[in-house]
Each structure stands twice: as C-alpha cells, then as structure tokens.
Amino acid sequence: MAGNDPLADALAGIDNAENVGNLAYTVQPASNTVGSVLEVLYDGGYVDGFEYVEDGRAGKFEVELKGAINECGVVKPRYSAGADEFEKWEKRYLPARDYGALIVTTSHGVMSHYEAREAGVGGQLLAYVY
C-alpha cells in the first residue's frame with residue numbers, strides 16, 4: 001500500500017485481515033504513530049502482539065491477530081477533544097457505551113480515551129476500535 005496516511009492504511013489492513021480470518025498481518029511502512037496505536041490495541045486486548053522488523057527501508061510491524069476486532073478505523077479530520085468531551089465522541093464512533101475504545105494522542109502520549117479521562121487530559125482523536 002502506498003497511501004498518504006500510514007495509520008489509515010495500517011488500520012484498514014488490520015480490519016480486512018480480521019474480517020477474512022487471518023492470524024497475522026504485516027504493516028508497512030512502520031512509523032512511531034502506528035507503533036503507539038498498536039501498543040494501545042495490545043493493551044486493550046485487541047491483538048495478541050506485534051513486533052518491529054527492520055527491513056532496510058522504513059521497517060515493518062508483524063502483527064499477531066486474535067479475532068477480537070469487529071471494526072477499526074481512523075478519525076478524519078483529527079478532532080480535538082477535551083477530557084470532559086469524550087462521551088460525545090463515543091456516541092459518534094462507538095456502537096455502545098463502554099464498548100470499544102477511542103485512541104487519543106495527548107501531551108502524555110498515545111492512549112485510549114479511558115486512560116485520558118482518568119488522567120484528566122484531552123487531545124486529538126486518532127482512531128477507534130471495537
């Protein structure tokens with residue numbers, strides 16, 4: 001894939017691989033943002049694991065899938081959300097309350113909206129997963 005948004009390409013590929021039933025997917029090219037989002041997906045229990053592989057170019061991530069993702073995607077444009085506004089965005093992007101997660105970039109790093117709400121920080125919405 002040679003798109004303009006590596007995060008969108010990565011999440012679309014993971015979503016497609018999950019829908020087909022594959023147990024592994026390779027995300028190319030690798031980036032810090034994609035790695036941070038994969039870390040949130042791993043912490044949330046959506047993927048079994050991932051590993052960075054240096055291939056002499058931009059690198060790649062080998063992602064182990066477990067079939068826990070119903071849908072995932074990026075949020076475009078990347079809306080800003082305050083710590084008290086996450087419920088509004090949950091209603092827009094997630095199918096039910098406390099089902100799935102919004103992935104947010106904050107001044108404390110990339111995290112789920114649950115962690116951001118607990119820390120009392122807002123940020124920009126990157127993606128959603130459920």
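The exercises below work through the fold, the salt bridges and a charged surface patch of a predicted model.

**Exercise 1. Describe the order of secondary structure elements in the chain, and decide how its compactness should be judged.**

Step one is to count the elements: the chain contains four helices and eight strands. Step two is to place them in order, and from the N terminus they run α-β-α-β-β-β-β-α-β-β-α-β. Step three is to compare the radius of gyration, 14 Å, with the 14 Å that the globule rule gives for 130 residues; the two values are close, so the chain is as compact as a globular protein of that length. As further context, the C-alpha trace spans about 40 × 30 × 25 Å along its principal axes, and 42% of the 130 residues count as buried.

**Exercise 2. Trace the salt bridges of aspartate 5, and state which parts of the chain they link.**

Begin with lysine 76, whose side chain meets that of aspartate 5 in a salt bridge with an N to O distance of 3.0 Å. Aspartate 5 lies in the segment before helix H1 (6-20), whereas lysine 76 lies in the loop between strand E4 (72-74) and strand E5 (80-81), so this pair ties together parts that are 71 residues apart in sequence. Next comes arginine 78, which forms a salt bridge with aspartate 5 at 3.9 Å between the closest N and O atoms. This pair, too, links distant parts of the chain, with arginine 78 in the loop between E4 and E5, 73 residues from aspartate 5. Taken together, Asp5, Lys76 and Arg78 are linked in a network of salt bridges.

**Exercise 3. Classify the accessibility of aspartate 5, arginine 78, aspartate 55 and arginine 57.**

Aspartate 5 has a relative accessible area of 15%, and because buried means under 20%, this residue is buried. Its partner arginine 78, at 33%, counts as partly exposed. Turning to another salt bridge, in which arginine 57 and aspartate 55 meet at 3.7 Å, N to O, we find aspartate 55 partly exposed at 24% and arginine 57 exposed at 66%. These pairs are among the five salt bridges that the structure holds.

**Exercise 4. Identify the residues of the negative surface patch, and state which helices supply them.**

The patch of negative charge on the surface gathers Glu39, Asp43, Glu115 and Glu118. Helix H2 (32-43) and helix H4 (113-119) each supply at least two of its residues. As a check on one member, aspartate 43 is found in helix H2, and its relative accessibility of 52% makes it count as exposed, because the cut-off for that class is over 50%.

Technical notes:
Residues numbered from 1 in each chain as written. Predicted model: local features only at pLDDT ≥ 70, side-chain atom pairs only at ≥ 80, totals over all residues. Heavy atoms only, no water. Patch = residues over 30% accessible without salt bridge, like charges linked within 9 Å, V, L, I, M, F, W, Y side chains within 5 Å. Areas by Shrake-Rupley, 256 points an atom, 1.4 Å probe, with all protein chains shown as cover. Salt bridge = Lys/Arg side-chain N within 4 Å of Asp/Glu carboxyl O. Lys, Arg positive; Asp, Glu negative; His and termini not counted. Charge placed at Lys NZ, Arg CZ, Asp CG, Glu CD. Buried < 20%, exposed > 50% of the residue type's maximum accessible area, 1.4 Å probe, protein only. Rg over C-alpha atoms; globule rule 2.2 N^0.38 Å.
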